[in-house]
Amino acid sequence: MTFLVERISYSAQGRRIVKAIEIEGTKLTIGRHPSSDIRLADLNAALRHAVVQRIAPMQLQVSAEEGVGVELDGRKVTSGTIDLATGGDLRIGKNLLRFAPTAAESEEIRVEVEEVGESAADEKERSDVRRFAAGSVMPGKRAASYVLVAVVLAVFLAWPLWFVSQREQAQAQAQAQAQAQAAQPEQSATTDPRRIAEERRERAELRPAAGFAADRLWISGHLSQAHASLENNCGACHVRPFEPVRDESCMSCHRDITNHGDTQRAPQEAAARLARSQPNLTGFARFQLTVAEAFGHDQGRCVDCHREHEGPLRLANTVQSDCTGCHTDLTSRLSGVRFGNVVDFGRNAPRPDPDGHPEFRPLALINWEGDRPLLTRVALRGARENSNLSFPHEMHLDSQGGVAQMAQRLGQRYGGRQGLSCADCHTPTPDGTSFQPVNMEEDCSSCHSLGFQQQGNVVRTLRHGAPDQVVADLREFYRGRAPARPAQLSAAARRRPGDIGQVRAALQYAQARAGANMSAVQAIQSVFRPDGACGECHVVNQRGPLDFHVRPVAFPTRYLLHGWFSHAPHRRTEWPRESPAIPRGAVFEGDQACLSCHVQAGSSRASTDLMLPDMASCQSCHGGEGGRREAVESGCAMCHDYHLNQGVPAMLVRRQARGQRWHTTVTPVARLTAAR
């Protein structure tokens, strides 16, 4: 048996189009499901709406899915039969299926499927429902929309505006009354001046009105956690209605925030340069900026980055695009820029890119003006530091040299180690960020002793940092070792007649005193000569026979002024990638962690070597924002602070407070002092 299904449609000109398919079997499925024999593209039809099945040679059974019905020969039923001798019509939604009359001996049943629209019964049923609906007595859509617009304007615009005007009038009256009362003699029951001043201040203080404030309807969202205390004080930031928040409102609380850019220029000139540094927008972005400026949203305001009413959340981290939007091609818009363009810190790796990130230019001590150090920003390659200190790192870090052997003999201090380590001289600051200045008494005196004479358990030492005092102490010491004045030189002493004995005693006494003075001179000169106690480490200038001047020693307290670096997260480092010399995940601690960045320290023989890591050394572990997969993601805000306060970038402080990074500003001092 075969069903011949003919789908009928009409062209735009009214021409009838018939597409026929043959379906073998005794059953025909109808519905929206793709597997149906007759698929109906009608939302009024169920997925498997009905089944037509042959139950007798000249009879078909129609069965609808439970819960839905069909219209069979004008009647709504859930099941029924079709006599093939006369045919029948089956309607489902907008589709009409005509079963044509079939001869008794025929094995082919012809079915026409045509979309004819809704039936009269469905349309009548909907008309009956509409008569009893509320829409028949409600006003039309246009009238309702006009009423709704009026209600919105009245509730959300007129009422808040009226409330704001009333509040401003009340505040003005209260302020005028407070000023008038302050100008009059105080009438108070108490005579305590502090109590009188407190009462006057309480009356003059303007508190927000209790209850619901109508202008709260304008709030677009809750304030951040940092500004949660201003939730009911909109006037703290929004000074005037319909006026954008000005930077002056922010600066009224954040007084210590510095400007961005060149802080040496006047505020007006610095602001003008900052405006010129903004990128040149074109197209739709420029149109948006023009519209924003027309409504007072000037470019470069605080709220451009510090956005509020985003919910009770923490301040979001600064994204790199906020920085590179200007710094990618900054030199093309500003003249006199002392640094290059910046695109991404990780762009230089694995091969250098001049537009990725400029090489570091640290602030180093290059020259002196008398005893005043002159600091200059220099390029790392080939730079020499003039600190006036003689200290070869190679000698002190050599595990087989004489310094290491001395450390072995001083086992009580160094724990029986084979040599010195970086931590023996470089002590971290309490916050772990940098290191304390090297101290002679605590860091050097165990090996470089300044003692010159011992009496029992008492050791006489030279005073470090006081060359004039060293000369005076040595002179006094050797003067005390001269012989006492002979008794025969005394006026009351008995002596033989003649002067020969007295002359001989005086000559011997003078020779003894001259020898003691010569010993003092020799000791002083030996102390200040290049291989002496002072000259071994310091630069000594001799300005007279016994007038020695030790050049002062100085080092910059911070080499990278405009970049932040903390040693605390780098005390234990892991190698992030696979390399021929170092396997991935290798852990560096102690001297290995130090020398992995300060690689020159192991071979440096002069104090003039500037042993700072270059940018390539940092890029071995750090990549840009969203850079190499194996690198530490490092955006601009990780090392740089927008407000140039020379402190810890705000992003690091926030991450530390959230427990997302190592401590950079708070490190237990007890642990550091115990390590010494």
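These notes go through a predicted model, starting with a sheet and ending with the cysteines.

1. The sheet. Seven strands form an open sheet in the order S2-S1-S12-S11-S10-S7-S8, and the pairing is mixed. Its edges are strand S2 (16-24) and strand S8 (75-77), each of which pairs on one side only. From one strand to the next the twist averages 25 degrees.

2. The S8 edge. Strand S8 pairs with strand S7 (residues 70-72) in the antiparallel sense, over three bridges. One bridge to look for when tracing this pair is that of Leu-72, whose partner in S8 is Arg-75.

3. The S2 edge. Ile-23 lies in strand S2. Is Ile-23 buried or exposed? Ile-23 is buried, because its relative accessible area is 11%, and the cut-off for that label is under 20%. Leaving aside neighbours within four places in sequence, Ile-23 is in contact with Met-1, Thr-2, Phe-3, Val-5, Leu-28 and Asp-37. The C-alpha atom of Ile-23 is separated by 9.6 Å from that of Ile-38, 15 residues apart along the chain.

4. The largest nonpolar core. This core has 25 residues, and Leu-90 and Phe-99 touch the most other members. The elements that give two or more residues to the core are strand S1 (2-10), strand S3 (27-31), strand S5 (50-56), strand S6 (59-64), S7, strand S10 (88-92), strand S11 (95-99) and strand S12 (108-115). As general background, nonpolar side chains in soluble globular proteins tend to be buried together.

5. Surroundings of Phe-99. Which residues are in contact with Phe-99, leaving aside its neighbours within four places in sequence? They are Val-52, Leu-60, Ile-82, Gly-87, Gly-88, Leu-90, Ile-109, Arg-110 and Val-111. Leu-90, in this list, is also the residue named with Phe-99 as touching the most other core members.

6. A second core. Separate from the largest core is a second one of 17 residues. Among its members are Met-440, Phe-477, Phe-528 and Cys-534.

7. A hairpin further along the chain. Strand S17 (residues 540-544) and strand S18 (residues 547-550) pair in the antiparallel sense over four bridges. The hairpin that joins S17 to S18 runs through two residues. Gly-544 has Asp-547 as its bridge partner in S18.

8. Thr-324 and its contacts. Helix H7 (residues 321-327) contains Thr-324. This threonine is buried, with a relative accessible area of 15%. Beyond its neighbours within four places in sequence, Thr-324 is in contact with Val-342, Val-343 and Cys-636. Cys-636 is itself buried, at a relative accessible area of 17%.

9. The cysteines. How many disulfides does the structure hold? The count is zero. Cys-594 is in no disulfide, and the nearest cysteine sulfur, that of Cys-422, is 4.2 Å away. Cys-594 is partly exposed, with a relative accessible area of 28%. Why is the sulfur of Cys-636 not in a bond with that of Cys-323? The sulfur of Cys-323 is the closest cysteine sulfur to that of Cys-636, but the two are 4.3 Å apart, too far for a bond. A disulfide needs the sulfur atoms within 2.5 Å.

How values were computed:
Residues are numbered from 1 along each chain as its sequence is written. This is a predicted model: local features need pLDDT of at least 70, side-chain atom pairs count only at pLDDT 80 or more; totals for chains, interfaces and linings use all residues. Side-chain values use heavy atoms; hydrogens and water are left out. Two strands pair if DSSP finds at least two bridges between them. Axes are lines fitted to C-alpha atoms, for helices over the stretch in contact, and angles run from 0 to 180 degrees between N-to-C directions. Buried means under 20% relative accessible area, exposed over 50%, partly exposed in between (1.4 Å probe, protein chains only). Contact means heavy atoms within 4.5 Å. A nonpolar core is a set of buried Ala, Val, Leu, Ile, Met, Phe, Trp, Tyr and Cys residues joined through side-chain atoms within 4.5 Å.
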